[in-house]
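Me: Please take a close look at the salt bridges in this model. Tell me who pairs with whom, and how accessible the partners are.

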Amino acid sequence: MNKKRVKILVHILGCAGFLLIPILFSPELNSSGSFLRIAPFKRDFLAYLLLVGFFYFNFFVLIPELYLNKKHLYFFLSATACFLFILFFPRLLFPEGFHPSGPPHHAGVFQLQRPPPGPSPNHRRFVDYGIRLLQFLVILVFSLLLKISDRWKQVEKEKLSVELSYLKAQINPHFLFNTLNSIYSLAIQRSDETPTAVVKLSEMMRYVTTEAHSDFVSLEKELNYVSNYIELQKIRLGNTVTINYKSEGVLRNKLITPLVLIPFVENAFKYGVNPEEVCYITISIVVNENVLLFNAANKKVKIDFSKSAESGYGINNASQRLAHSYPGKHKLKIEDGENEYTVSLTITLA
């Protein structure tokens with residue numbers, strides 16, 4: 001059952017449970033259905049129906065059209081009008097103090113009911129108004145919180161989508177420009193690695209522009225993208241840094257969120273490379289059944305941040321994407337030590 005159907009079912013069950021309240025708490029519940037014919041029950045049941053209607057009217061109309069557009073005065077006035085309607089309309093439709101009677105012995109069709117013993121009618125009416133106000137406020141606040149929560153989730157989803165589009169659009173220009181310069185240098189030297197570098201860069205561009213728009217992609221294609229990125233970095237950096245990369249496990253028939261690993265790989269090369277120092281970068285990806293283990297470590301080197309390009313995506317955004325795509329199905333541990341920066345990530349794959 002998909003999420004939309006589950007949501008509809010929850011709403012149906014919630015409304016049904018709410019409408020059962022006046023039935024279950026009716027004093028005449030055991031009177032062989034006679035409670036269905038008395039005015040107090042009809043008033044209560046109609047009020048509950050109107051409260052359900054107000055919940056959806058508030059959720060779909062008042063909150064998005066007035067409250068979220070900062071028309072708070074109109075929202076307050078509209079909610080007040082709804083409350084007064086819910087409070088008095090049932091009493092107008094089913095007045096207090098009268099009940100249908102048999103063949104009239106008096107001039108009217110309705111016979112005046114004797115006031116029952118106990119609290120005065122005004123006192124009972126005051127208590128009923130207070131209860132109805134409390135119910136109305138609960139419905140109002142609940143629908144408001146629910147709509148704001150939905151709006152926040154939608155904004156977060158749109159933000160993540162924009163961030164992913166931004167990443168796909170640029171593939172980190174700093175890396176791209178440096179790679180093109182390296183390929184140009186290889187071409188000048190007539191190096192045998194030139195065709196390989198061009199093919200790998202072409203595969204990366206094709207993956208980003210044609211595959212990475214989906215919510216999930218083949219794990220093989222995603223790790224091929226990571227592998228191409230690292231191979232191009234090896235070509236560009238030469239012997240200035242020691243790079244160790246391994247990928248193990250069965251990749252077939254497994255899916256992963258696209259471009260979710262590359263920010264951590266980019267980060268290792270961005271902050272772990274300095275031609276004036278002895279540097280190392282170690283990256284390991286192991287797939288064990290449906291669990292992916294990613295580890296990256298790099299020596300922390302001195303970086304001139306005034307000349308360093310900003311990362312195309314960033315660790316923070318990658319963490320948010322993981323939380324969105326794998327809630328409760330991933331563990332991310334980052335250790336920023338004095339001499340080494342390490343990332344350990346575990347993902348339960350789709």
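Reply: Start with the accessibility terms: buried means under 20% relative accessible area, exposed means over 50%, and partly exposed lies in between. The model is a predicted one.

The structure holds eight salt bridges. Three of them are described here, beginning with Asp128 and Arg91. The side chains of Asp128 and Arg91 meet at 3.4 Å, N to O. Asp128 sits in helix 4, residues 121-170, while Arg91 belongs to helix 3, residues 72-93, so this salt bridge ties together parts that are 37 residues apart in sequence. Now apply the cut-offs. Asp128 has a relative accessible area of 33%, so this residue is partly exposed. Arg91 is at 16%, under the 20% limit, and therefore counts as buried. The pair thus joins a partly exposed acid to a buried base.

Next comes Glu211, which forms a salt bridge with Lys221. Their closest N and O atoms are 3.1 Å apart. Glu211 lies in the loop between helix 6 (194-210) and strand 3 (217-218), and Lys221 lies in helix 7 (residues 219-237), so the contact links a loop to a helix across 10 residues of sequence. Both partners are partly exposed: Glu211 has a relative accessible area of 26%, and Lys221 has 39%.

The last pair here is Glu335 with Lys333. Their closest N and O atoms are 3.1 Å apart. Glu335 is partly exposed, with a relative accessible area of 39%.

Methods. Residues are numbered from 1 along each chain as its sequence is written. This is a predicted model: local features need pLDDT of at least 70, side-chain atom pairs count only at pLDDT 80 or more; totals for chains, interfaces and linings use all residues. Side-chain values use heavy atoms; hydrogens and water are left out. A salt bridge is a side-chain nitrogen of Lys or Arg within 4 Å of a carboxyl oxygen of Asp or Glu. Helices (H or I, at least four residues) and strands (E, at least two) are DSSP runs, numbered from the N terminus. Buried means under 20% relative accessible area, exposed over 50%, partly exposed in between (1.4 Å probe, protein chains only).
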